[in-house]
Amino acid sequence: MSIYNFTFRTIVHQTLKDKNNPDEVETDGPFPDNSKTAYLGFGCYFWDNNIGLAHWWGGKRNPNNYMIAEGHLQIDKHFFLDLVGSREDQILFKNLIESSGWKNLTIGTLIERFKK
């Protein structure tokens, strides 16, 4: 069995600006980010099973005005690259960059191009 044939499951936390809209967050979340702090391009950003980091980010981005949404994420491995915990995925991503011919681009820009 390949190491890529599994389903990843975890608790996720999304730090959001508190707009006094908990019902909207619960029904419409998660929310994508396309701001300048979306380092890896357009998408939904989560803290993987670490509510402490979600609070840290909230205090940094929106001191005294943030909320944290919690959810359960389940995704098949072939739909994502784990660029933090998987050495194999890091090597694959590095090889993709080297073979693309796109040099001196940010990781976020590369990811957006690879998505297309």
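**Strands and salt bridges**

Biologist: How many bridges join β1 to strand β2?
Modeller: β1 covers residues 7–17 and β2 covers residues 47–48, with strands being DSSP runs of E, at least two residues, and helices runs of H or I, at least four, numbered from the N terminus. This is a predicted model, where local features need pLDDT of at least 70, side-chain atom pairs count only at pLDDT 80 or more, and totals for chains, interfaces and linings use all residues. Residues are numbered from 1 along each chain as its sequence is written, and side-chain values use heavy atoms, leaving out hydrogens and water. β1 and β2 run antiparallel and count as a pair (DSSP must find at least two bridges), and the number joining them is two.

Biologist: And which residue stands opposite V12?
Modeller: V12 belongs to β1, which runs through residues 7–17. Look across to β2 and you'll find its partner there, D48.

Biologist: How many bridges join β1 to β3?
Modeller: β3 takes in residues 66–76 and runs antiparallel to β1. One spot to look at is L16, which stands opposite M67 in β3. Along the two strands, the bridge count is 11.

Biologist: On to charges: how many salt bridges are there?
Modeller: Side chains of opposite charge can pair when their charged atoms come close. Here a pair counts if a side-chain nitrogen of Lys or Arg is within 4 Å of a carboxyl oxygen of Asp or Glu. K94 with E98 is one of them, and the total is three.

Biologist: Which residue does K77 form a salt bridge with?
Modeller: K77 sits in the loop between β3 and α3 and its partner in helix α3, so the pair ties together parts that are 12 residues apart in sequence. Their closest N and O atoms are 2.4 Å apart. That partner is D89.

Biologist: What is the relative accessible area of D89?
Modeller: Buried means under 20% relative accessible area, exposed over 50%, and partly exposed in between (1.4 Å probe, protein chains only). K77 is buried at 5%. D89 is buried too, and its value is 0%.

Biologist: Are K94 and E98 buried or exposed?
Modeller: They both lie in helix α3, four residues apart, about one turn of the helix. Their closest N and O atoms are 3.3 Å apart. Both residues are exposed.

Biologist: Which residue forms a salt bridge with K115?
Modeller: Stay in helix α4 and go three residues, about one turn of the helix. The partner is partly exposed, with a relative accessible area of 24%. With closest N and O atoms 2.8 Å apart, it's E112.
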